[in-house]
Structure formats: structure tokens, C-alpha cells
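Open the model in your viewer and keep the selection tool handy. We will go from the whole chain to single side chains, one selection at a time.

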Amino acid sequence: MFMLFIISFIIVPVLKCCGTETSTYTTQYDEVDIKEIMDNERLLVAYIGCLLDKNPCTPEGKELKRNIPDALQSDCNKCSDKQRENADAWIEFMIDNRPEDWTKLEERYNPDGSYRTKYLESRHNATSNVDESK
């Protein structure tokens with residue numbers, strides 16, 4: 001569950017920490033439409049560029065970028081259900097549709113590749129379960 005955030009992961013409802021004593025990220029951005037972002041090349045490229053320090057960030061992008069390391073470190077244990085759902089959707093989209101961008105983000109935020117491995121194992125298990133039910 002990479003980035004049970006970015007990414008994971010990005011554009012995922014932005015993870016904004018409300019202070020060190022808070023045990024969850026703010027849900028302020030949980031209504032961000034991640035599908036709209038993934039379907040809009042301009043928005044998608046802008047968020048990816050923000051996360052890679054290649055272009056300016058929106059306020060949401062800054063918060064996301066600031067919180068990705070903590071979300072990865074903690075396996076997104078401060079994330080809401082919606083944030084986890086969006087992170088999974090983002091990761092799946094990036095790995096399957098934008099592998100070059102995913103590799104750049106992974107190099108920066110998850111150099112050991114552990115979240116890609118989790119995703120691929122999860123996808124394999126889901127496929128195996130479907131096959132077994134036939």
C-alpha cells in the first residue's frame with residue numbers, strides 16, 4: 001500500500017498534519033477528486049512536478065509533499081479511510097499507466113521499492129483469488 005499515500009500518493013487527499021500531538025492527518029482535502037486529477041494531464045503533470053521539485057506547488061501539493069515521508073514511514077496509520085482509498089487508486093494508476101513518473105517518485109520517496117512490491121503482491125493475490133473462484 002504505497003503511500004498509502006502519494007502516492008501515496010499524490011493528489012491523494014492531501015495529507016496535512018495538524019501538529020505533532022495529533023494522531024491523524026486532516027481530512028480537509030478528502031473530497032479532492034483524484035480521478036479528475038488522473039484524467040487531466042495538466043493537473044497530473046503539475047502535481048508530479050511539484051512532488052519532484054520541478055515546478056511550484058499549490059498549497060495542497062506543499063502539504064502532501066511535506067507529509068509523504070511520515071505517511072510512508074508509518075504505513076499511513078494517520079490516514080483516513082478515504083485517504084487510503086485514494087492512495088491505493090493513485091499508486092495503481094501510476095504504476096500501470098505512468099511507470100516512468102512512478103519510478104522518479106519512487107526514487108525520491110521510496111528508494112527501496114517496498115511499496116511497489118506490496119502493490120504487485122496485492123494485485124497478484126487479488127488475481128489469484130478471482131482465478132480460484134472460477
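Below is a short tour of this predicted model, stop by stop.

**Stop 1: the whole chain**

Start with a cartoon view. You should find six helices and zero strands, so the order from the N terminus is simply α-α-α-α-α-α. Switch on a surface next: the chain exposes about 7,300 Å², with carbon and sulfur atoms supplying 49% of that area. Of the 134 residues in the chain, 44% are buried.

**Stop 2: colour by confidence**

Now colour by pLDDT. The chain averages 79, and 79% of the residues score at least 70. Among the elements, H2 has the highest mean, 96, while H6 has the lowest, 72. Then select residues 1-5, where the pLDDT is below 50; this stretch nevertheless has 39 contacts in the model beyond near neighbours in sequence. Residues 11-21 also fall below 50, and there the model shows 43 such contacts. Keep that colouring in mind when you look at either stretch.

**Stop 3: helix H2**

Select residues 41-51, which make up helix H2. Which residues of H2 are buried? Show side chains for Leu-44, Tyr-47, Ile-48, Gly-49, Cys-50 and Leu-51 to see them. To see what covers these buried residues, add helices H1 (34-39), H3 (59-73), H4 (81-97) and H5 (99-109), which are included in the cover.

Then look at the two ends of H2. At the N-terminal end, Asn-40 acts as a cap, with a side-chain oxygen 3.0 Å from the backbone nitrogen of Arg-42. Just after the helix, pick Asp-53 and check its backbone: phi is positive, about 60°.

**Stop 4: the nonpolar core**

Next, select Trp-90 and Met-94. These two have the most contacts inside the largest nonpolar core, a set of 19 residues. H1, H2, H3, H4, H5 and helix H6 (114-132) each supply at least two residues of this core. The largest share comes from H4, which gives five residues.

**Stop 5: an aromatic pair**

Stay with Trp-90 and add Phe-93. How many aromatic pairs does a search of the whole structure find? There is one, and you are looking at it: Trp-90 and Phe-93 are tilted, 6.4 Å centre to centre with 35° between the planes. Why does this pairing suit a helix? Trp-90 and Phe-93 are three residues apart in H4, so about one helical turn separates them. An α-helix has 3.6 residues a turn, so residues three or four places apart point the same way. Both Trp-90 and Phe-93 are buried.

**Stop 6: helix H5, two residues**

Move on to helix H5 and select Glu-106. Is Glu-106 buried or exposed? Its relative accessible area is 9%, and because the cut-off for buried is under 20%, Glu-106 counts as buried. Leaving aside neighbours within four places in sequence, show what Glu-106 is in contact with: Pro-111, Gly-113 and Arg-116.

Thr-103 lies in H5 too. At 31% relative accessibility, Thr-103 is partly exposed. Draw a distance from its side chain to the backbone oxygen of Pro-99 and you should read 2.8 Å. For a last distance, connect the C-alpha atoms of Thr-103 and Arg-116: they are 9.7 Å apart in space, with their positions 13 residues apart in sequence numbering.

Conventions:
Residues are numbered from 1 along each chain as its sequence is written. This is a predicted model: local features need pLDDT of at least 70, side-chain atom pairs count only at pLDDT 80 or more; totals for chains, interfaces and linings use all residues. Side-chain values use heavy atoms; hydrogens and water are left out. Helices (H or I, at least four residues) and strands (E, at least two) are DSSP runs, numbered from the N terminus. Buried means under 20% relative accessible area, exposed over 50%, partly exposed in between (1.4 Å probe, protein chains only). Accessible areas come from the Shrake-Rupley method with a 1.4 Å probe; for residues, only the protein chains shown count as cover. Contact means heavy atoms within 4.5 Å. A polar contact is a pair of N or O atoms within 3.5 Å; within protein, one must be able to donate a hydrogen and the other to accept it, and residues adjacent in sequence count only if both atoms are side-chain atoms. A nonpolar core is a set of buried Ala, Val, Leu, Ile, Met, Phe, Trp, Tyr and Cys residues joined through side-chain atoms within 4.5 Å. Rings of Phe, Tyr and Trp (its six-membered ring) pair if their centres lie within 6.5 Å; planes under 30 degrees apart count as stacked, over 60 as edge-to-face and the rest as tilted. pLDDT is the predictor's confidence in each residue, from 0 to 100.
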